[in-house]
Amino acid sequence: MSQAYRESLWLFAVTQSLHLVAVSVFVGAILIVDLRLLGWSPVRQSHAAIAQSAQRILLWTGPAVLITGIPQFTTNALRYYASPVFAIKMGLLAVAVVFTMTLRRRVAAADWDRMPSWVPKAVGAISLALWMGVTIGGRWIGFAE
């Protein structure tokens with residue numbers, strides 16, 4: 001598979017384009033909930049409704065990001081394996097996924113009147129920091145040797 005991607009004029013470009021679209025939609029779903037947790041988004045829709053809508057988007061785009069990312073990884077697997085930036089990105093990705101699917105998900109859907117006001121803000125800030133780290137790490141891989 002990796003050889004086919006390296007030799008094809010269009011296969012890698014198409015896969016990378018699809019990957020970037022999926023990543024953009026995924027990050028948008030993360031961002032809208034995190035901004036709501038931070039109190040920086042419109043309040044006409046409840047935070048729980050926003051989180052539920054975003055969750056559906058995450059469940060569809062997450063696999064799309066994975067499916068389009070694996071072929072890209074295989075084209076330079078040894079280089080990525082040896083890259084400390086890639087290791088940092090994957091570590092942040094693992095932490096971000098677990099955080100998003102556990103604590104962030106519960107806080108976003110919870111009754112905020114029953115928790116201190118700093119809790120949603122802290123969860124939103126941590127989530128943003130983790131996902132920004134993953135995104136920056138993904139871009140940094142291309143520049144770090």
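Angles under 35 degrees count as roughly parallel, over 145 as roughly antiparallel, 65 to 115 as roughly perpendicular, and the rest as oblique. In this predicted model, H2 and H5 pack at an angle of about 50°. That value falls in none of the named ranges, so the two helices are oblique to each other. The points below cover this packing, the nonpolar cores, a buried glutamine and an exposed loop serine.

**Packing of H2 and H5**
- The axes of H2 and H5 are 11 Å apart.
- The crossing of H2 past H5 is left-handed.
- From H2, the residues that meet H5 are Ala29, Ile30, Val33, Asp34 and Leu37.
- Their partners in H5 are Thr100, Arg104, Val107 and Ala108.

**Nonpolar cores**
- Nonpolar side chains tend to be buried together in soluble globular proteins.
- In this model, the largest nonpolar core has 22 residues.
- Phe26, Val33, Leu37, Val107, Val123 and Trp131 have the most contacts inside that core.
- Four helices each give two or more residues to the core: H2 (11-38), H3 (47-75), H5 (84-109) and H6 (118-141).
- H2 supplies the largest share, with 6 residues.
- Another core, of 5 residues, lies apart from this one. Among its members are Val85, Phe86, Ile141 and Ala144.

**Val33, in the core and at the helix pair**
- Val33 is one of the core residues with the most contacts, and it is also among the H2 residues that meet H5.
- Beyond its neighbours within four places in sequence, Val33 is in contact with Ile50, Ala51, Ala54, Arg104 and Ala108.
- Of these partners, Arg104 and Ala108 are in H5.

**Gln72, a polar residue in H3**
- Is Gln72 buried or exposed? Gln72 has a relative accessible area of 10%. Buried means under 20%, so Gln72 counts as buried.
- Gln72 is located in helix H3.
- A polar atom of the Gln72 side chain lies 3.0 Å from the backbone oxygen of Thr68.
- Leaving out neighbours within four places in sequence, the contacts of Gln72 are Phe12, Thr15, Gln16, His19 and Tyr80.

**Ser117, in the loop between H5 and H6**
- Ser117 sits in the loop that lies between H5 and H6.
- Its relative accessible area is 59%. Exposed means over 50%, so Ser117 counts as exposed.
- Which distances separate Ser117 and Leu38 in sequence and in space? They are 79 residues apart in sequence and 9.9 Å apart in space, C-alpha to C-alpha.

Terms used. Residues numbered from 1 in each chain as written. Predicted model: local features only at pLDDT ≥ 70, side-chain atom pairs only at ≥ 80, totals over all residues. Heavy atoms only, no water. Core = buried A, V, L, I, M, F, W, Y, C linked by side-chain atoms within 4.5 Å. Buried < 20%, exposed > 50% of the residue type's maximum accessible area, 1.4 Å probe, protein only. Contact = heavy atoms within 4.5 Å. Polar contact = N/O pair within 3.5 Å; in protein donor to acceptor, adjacent residues only side chain to side chain. Axes fitted to C-alpha atoms, helices over the stretch in contact; angles between N-to-C directions. Left-handed = near helix turned anticlockwise from the far one by under 90°.
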